[in-house]
Amino acid sequence: MNLTSSDDRPHQPSFWINYRGSASSPRKDSQRLASATIGAGQCGFTAGVQMRGGHIREHVEEGRSRDATIDRASLLGLSSWRRLCCLKHHIIILFAAVSIVSSACNVASSASLDTAYKTIAAARFVDLTHSFGPNTPVWSGFSQAKMAPALDPATSQPYSIEHDGFRTTYYEMVGQYGTHIDPPAHFDERGATLDQIPLHQMILPLIVLDDTPYLAKDPNHAYSLEDLRAWERKNGPVPKGAFVALRTDMYKDWDSNPERFKRSPFPAWQLDTLRYLYEQRHIAATGHESMDADTTEKMDSETYILKSGHYQIEVMANLDQVPTKGGLIVISWPKVRNGLGFPARAFAIVPR
Ligand SMILES: [Zn+2]
């Protein structure tokens, strides 16, 4: 998915109307049709107007007119003022219909959000994020984080609640620390940075693929295309726009056995699987429990993901506690200007 494309904005209501026809004989005026094809993206209904005698396509997004083209040849081809008047009359009806449907949709959207919030609030929340500190595992090429009380530059003394009424921490660490986001710009000179990833990509349908059945035979199994096809035979196609996470259970070593967590090789993705997910299933993003998308420290898969305009979440936790499909993921990160990576907070919202 291209981060800047408009067709990956599933949450924006959109409406469109087709008005089409031909400059037919006056006798056929009475046969003009007025049938509805207004589509409303999130509103759950369709209506609209189709007419013979011209061709108008109107696209309205968020209640504003974005694009209107009129087939002038067809309009000029009308043989009488009466026909033109009739056409104008229908256009007025058409726009009145848009206005009514748009306002009805706004009401429906508001009610839908209210219902959606009630559903979400009653769901189960699962934290997919590790706590991190100065001693938690980090990729061998980076240093451990440093965290210290922030000093008052005037006195060189740490701020304290006792003397200053507050305290705070000074952090020194690489962006790719703990559970973190890698934006495309991490590997791509022209890729999107942290502040450029669209907000709607921070809440997505969640699919969790389970690598653990394969780990008994091969503890570093790369989740293959064959594995994915077996999953799809059972669960149906991976939905477009999903966030797809790979469960390996290696997250359990994060606190209890950090040295084992840092091992290489480790279980992760096979490049062909990622290619299929992004190119055939058009998913939005991927995540995994290891510090790299590949089963070793080579970076083919990570390079592919980031250079094709997607972000990834690394070092995820608790994927064994969410269903394989039917949940949502929310991912948040600081809006660092031109940021190339940062610790992220990810959680799942799943049915009880
Ligand atoms: Zn990373």
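Helices (H or I, at least four residues) and strands (E, at least two) are DSSP runs, numbered from the N terminus. Residues are numbered from 1 along each chain as its sequence is written. The model is predicted: local features need pLDDT of at least 70, side-chain atom pairs count only at pLDDT 80 or more, and totals for chains, interfaces and linings use all residues.

Asp-249 is found in the loop between E14 and helix H6 (253–256). Its phi is near 70°, a positive value in a residue other than glycine. Asp-249 is partly exposed, with 15 other C-beta atoms within 10 Å; 20 or more would make a residue buried and 12 or fewer exposed, with C-beta atoms placed from the backbone. Asn-338, in the loop between E18 and strand E19 (342–343), also has a positive phi, near 60°. This asparagine, Asn-338, is exposed, with 10 other C-beta atoms within 10 Å.

A further loop, between helix H7 (258–261) and E15, holds Pro-265. The peptide bond that joins Ser-264 and Pro-265 is cis, with omega about 5°.

The largest nonpolar core (buried Ala, Val, Leu, Ile, Met, Phe, Trp, Tyr and Cys residues joined through C-beta atoms within 7 Å) has 52 residues. Leu-206, Ala-242, Phe-243, Val-244 and Met-316 have the most contacts inside this core. Elements that each supply at least two of its residues include strand E14 (243–247), helix H8 (271–279) and strand E12 (203–210). E12 gives the most, with 5 residues. Beyond its neighbours within four places in sequence, Ala-242 is in contact (C-beta atoms, placed from the backbone, within 7 Å) with Leu-204, Pro-205, Leu-206, Ile-207, Ile-283 and Ala-284.

Methods
Two residues are in contact if their C-beta atoms, placed from the backbone, lie within 7 Å.
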